[in-house]
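Me: I'm new to this one, so could you take a close look at its aromatic rings for me? Please explain the terms as you go, and fill in some of the surroundings afterwards.

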Amino acid sequence: MPQENTLIKLVKEIADSKKISFNSVVDELKGALKMTYDKHLPETVVAFDFDIDNNTAAIYEIYEVIKDDVDEFDDYKQIQLADAKKFAPNAKVGDEVKKEIKFDSFDKTFIKDFLKNFRLNTATIVNKNMYEIWKDRKGTIINCEVESSANGIVLVRLEGNMLGEVSGHELVPKEVLQPGHFYDFYVKDVIEQSKGWPVILSRANVNVVIHAIKQEVVEVTDGTIKIEKIARSAGIKTKIAVSSSTPNVNPISTIIGAGGNRITSIRKRIGGEKIEVVLYNEDINKFILNVFAPIEINSYLIQPPKNSEERQNITIVVPNEAQSSTLGQSGSNARVCSDLLNAVIEIITPEEAADLAREFGYNFVKPDYIANPIIYRPAGGARFHGRSPQGGRRRPTPAPEVVAPSKWNDSLSKQEDYSNFGGNNGGDNE
């Protein structure tokens with residue numbers, strides 16, 4: 001008589017929750033049982049019988065029937081006739097008989113190892129299925145609900161009860177992803193043989209920012225404005241270099257939006273970090289100044305790379321009082337500027353530059369071009385915010401306004417081909 005349906009229930013639960021076929025789960029369960037037998041009872045011959053229609057499952061150990069008067073025999077593979085008749089009344093010497101084994105008769109160690117093997121086997125099926133479904137979506141953006149967040153690992157609910165994982169450097173520092181809320185994620189990788197969930201997601205990837213910009217700025221989506229370069233220090237700052245294919249469209253103020261509404265929406269989508277937008281210029285000498293503005297650079301030195309595998313070196317000279325803002329919070333401004341310029345950046349003082357010039361004959365270049373940023377300031381549309389120092393009614397705080405240069409062109413003589421917006425209060429380099 002086949003055993004109770006403990007194993008059938010287990011198979012059904014796995015098949016339903018993981019969205020894989022019953023027969024595939026049965027095959028993996030049989031494999032797990034065989035692996036466990038090979039470890040604990042390696043000489044035993046076993047067979048398995050699963051009948052989903054009758055809701056039954058059975059584990060059998062197979063023996064050869066021998067005479068009762070045989071004193072020495074292999075009790076893993078042979079059984080005396082008298083013992084065989086206890087479960088196979090018609091057994092005869094020389095027959096092969098199957099003895100049914102109740103699953104709950106195994107000891108705890110056997111059951112623990114079996115469940116471990118079964119979980120690994122079913123995870124392999126799930127991962128293979130997920131890999132086939134998701135392998136072509138690597139490098140795309142998805143908007144999904146957070147399932148859970150604990151111990152630095154965020155699980156994200158995908159289609160069909162599947163989960164994606166975000167952890168480590170793919171999380172934005174200090175951003176709290178709330179279970180039940182939807183966020184944009186970048187599909188960074190899909191791993192075929194992953195022991196965990198094979199879909200690796202990212203919130204810190206720069207493509208999350210690009211997607212947010214495209215969602216909020218139609219001129220980027222239709223190609224009027226082009227994102228030439230972008231660099232991100234996730235959770236602190238993103239800096240974007242842009243250009244416009246239409247002379248009358250200022251790419252900086254267009255991305256910022258009226259009163260900063262577009263840039264504010266973009267920041268909300270990526271976790272609230274600061275965003276700075278600068279004008280791209282193919283002339284590296286002008287682009288350096290654009291990238292670091294509104295910080296005024298005293299001078300700079302460009303040193304070409306020694307070989308094709310290295311990046312060029314750019315030494316930036318700024319006053320002592322501007323050193324901290326040039327570096328930015330935890331070096332974030334220097335890092336994003338380095339990425340935008342594709343260079344190794346060194347920031348020094350005028351005194352250090354003078355010493356280098358005397359000792360090595362370096363010829364530091366003084367800028368002959370001034371970066372002219374867009375101004376971001378409060379104006380109009382007052383709203384109440386905070387409480388006056390004297391108490392009483394709240395003091396109204398004006399809504400922000402973006403004031404662009406009076407004429408948008410690429411004329412260096414008029415110094416109007418650079419604009420910069422600091423997402424917090426404009427212009428400051430954190």
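Reply: Let's begin with burial: a residue is buried under 20% relative accessible area, exposed over 50% and partly exposed in between (1.4 Å probe, protein chains only). What you see is a predicted model, where local features need pLDDT of at least 70, side-chain atom pairs count only at pLDDT 80 or more, and totals for chains, interfaces and linings use all residues. Numbering runs from 1 along each chain as its sequence is written, and side-chain values use heavy atoms, leaving out hydrogens and water.

Now for the rings. There are nine aromatic pairs here (Phe, Tyr or six-membered Trp rings with centres within 6.5 Å; planes under 30 degrees apart are stacked, over 60 edge-to-face, the rest tilted). One of them is Phe-106 with Phe-110, a stacked pair with 4.0 Å from centre to centre and 10° between the planes. Phe-106 counts as buried, since its relative accessibility is 11%. Phe-110 is buried too, with a relative accessible area of 2%.

For contrast, look at Tyr-280 and Phe-287: their planes stand at 70° and their ring centres are 5.1 Å apart, so this pair is edge-to-face. Tyr-280 is partly exposed, at a relative accessible area of 23%, whereas Phe-287 has 3% and is buried.

Back at Phe-106 and Phe-110, you'll find that both belong to one aromatic cluster, along with Tyr-37, Phe-103, Phe-114 and Phe-118.

Some rings also have a charge sitting over them (NZ of Lys or CZ of Arg within 6 Å of the ring centre and within 35 degrees of the ring normal). Over the ring of Tyr-60 sits the charged end of Lys-98, 4.5 Å from the centre. Trp-134 has Arg-137 over its face, at 4.1 Å from the ring centre.

On to the surroundings, beginning with helix α1, residues 6–18 (helices are DSSP runs of H or I, at least four residues, and strands are E runs of at least two, numbered from the N terminus). Its buried residues are Leu-7, Ile-8, Val-11, Ile-14 and Ala-15. These cover an arc of only 130° around the axis, which puts them on the same side of α1 (the arc uses the directions from the helix axis to the C-beta atoms). Glu-13 and Asp-16, on the other side of α1, are exposed. The cover over the buried residues of α1 includes helices α2 (22–40) and α4 (108–134), plus strands β1 (45–51) and β2 (56–66). Right after α1 comes Lys-19, with a positive phi near 60°.

Helix α11 (residues 332–341) has eight of its 10 residues buried, so the rest of the structure largely encloses it. Among those buried in α11 are Asn-333, Val-336, Cys-337 and Leu-340. Asn-342, just after α11, takes a positive phi of about 55°.

Gln-323 is in helix α10, residues 323–327. Its 16% relative accessibility means that Gln-323 counts as buried. Leaving aside residues up to four places away in sequence, Gln-323 touches Val-318, Ile-347, Ile-348 and Thr-349 (contact means heavy atoms within 4.5 Å).

Lastly, confidence: the protein's mean pLDDT is 83, and 84% of its residues reach 70 or more (pLDDT is the predictor's confidence in each residue, from 0 to 100). Over residues 373–428 the pLDDT is below 50, and this stretch has 138 contacts in the model beyond near neighbours in sequence.

Notes: The expected span of a helix is 1.5 Å times one less than its number of residues.
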